[in-house]
Amino acid sequence: DTYEDVFANLPAYTLSGDAVSYRVVETSASIVGGNDATYTPSVDGSTITNKLDAGETSFTFTKKWVDGGERQIATEDLFALYRRSGGWELVDAAPSIANGDTDTWTITYSDLAKYDGSGVAYTYAVVETLPQSDYVQSISGEVEVTVDGQAATGVANGGTITNRLEG
């Protein structure tokens with residue numbers, strides 16, 4: 001976004017006849033709506049440019065299997081990561097899966113963009129893409145994700161997806 005301020009009708013001389021020199025100093029860059037994004041200013045002549053310090057974030061959730069010790073295979077294609085600033089969009093990112101050989105996995109997506117180009121913080125959610133038909137799913141930290149008109153229940157950062165074997 002570009003903003004222009006004009007300072008008009010300023011005196012050119014002091015009462016004693018000395019020329020007046022003016023300069024503009026920006027004390028801080030603020031964003032309408034507020035967020036914790038930071039900006040780095042640079043000055044070129046009479047132009048001040050504020051560049052967003054994008055920053056990165058991570059997303060971690062827990063996946064639990066309650067199935068009497070059945071071993072599930074931890075693979076990246078079990079989950080889809082989405083982010084929202086306006087609408088939800090699929091993010092092309094691969095997670096790291098810790099403890100993938102146990103009944104409780106820790107899944108982390110790293111090096112994710114923290115803000116969109118306007119400095120608005122993204123909200124992230126993960127949807128399980130291959131639900132198991134013989135398991136009942138419950139989610140602690142639910143997030144409704146809508147993509148292309150289709151709604152799905154996802155998990156928020158820090159949440160847990162639990163799949164419990166039926167029967």
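## Exercises: rings and core

K63 lies over the face of W65, 4.4 Å from the ring centre; such a charge has NZ of Lys or CZ of Arg within 6 Å of the ring centre and within 35 degrees of the ring normal. The model is predicted, so local features need pLDDT (the predictor's confidence in each residue, from 0 to 100) of at least 70, side-chain atom pairs count only at pLDDT 80 or more, and totals for chains, interfaces and linings use all residues. Residues are numbered from 1 along each chain as its sequence is written, and side-chain values use heavy atoms, leaving out hydrogens and water.

**Exercise 1.** Find the residue that lies over the face of Y122.

*Solution.* Look above the ring: R83 is there, at 4.3 Å from the ring centre.

**Exercise 2.** Classify the ring pair of F61 and F79.

*Solution.* Start with the rule: rings of Phe, Tyr and Trp (its six-membered ring) pair if their centres lie within 6.5 Å, and planes under 30 degrees apart are stacked, over 60 edge-to-face, the rest tilted. By this rule there are 5 aromatic pairs. For F61 and F79, the centres are 5.2 Å apart and the planes meet at 80°, giving edge-to-face. Next, place the rings: F61 is in strand β3 (residues 56-66) and F79 in strand β4 (residues 79-84), 18 residues apart; strands are DSSP runs (E, at least two residues), numbered from the N terminus. Finally, widen the view: ring pairs join F59, F61 and F79 into a cluster.

**Exercise 3.** Decide whether F61 and F79 are buried or exposed.

*Solution.* Apply the cut-offs: buried is under 20% relative accessible area, exposed over 50%, partly exposed in between (1.4 Å probe, protein chains only). Both F61 and F79 are buried.

Conventions: Helix = DSSP H or I, 4+ residues; strand = E, 2+ residues; numbered from the N terminus.
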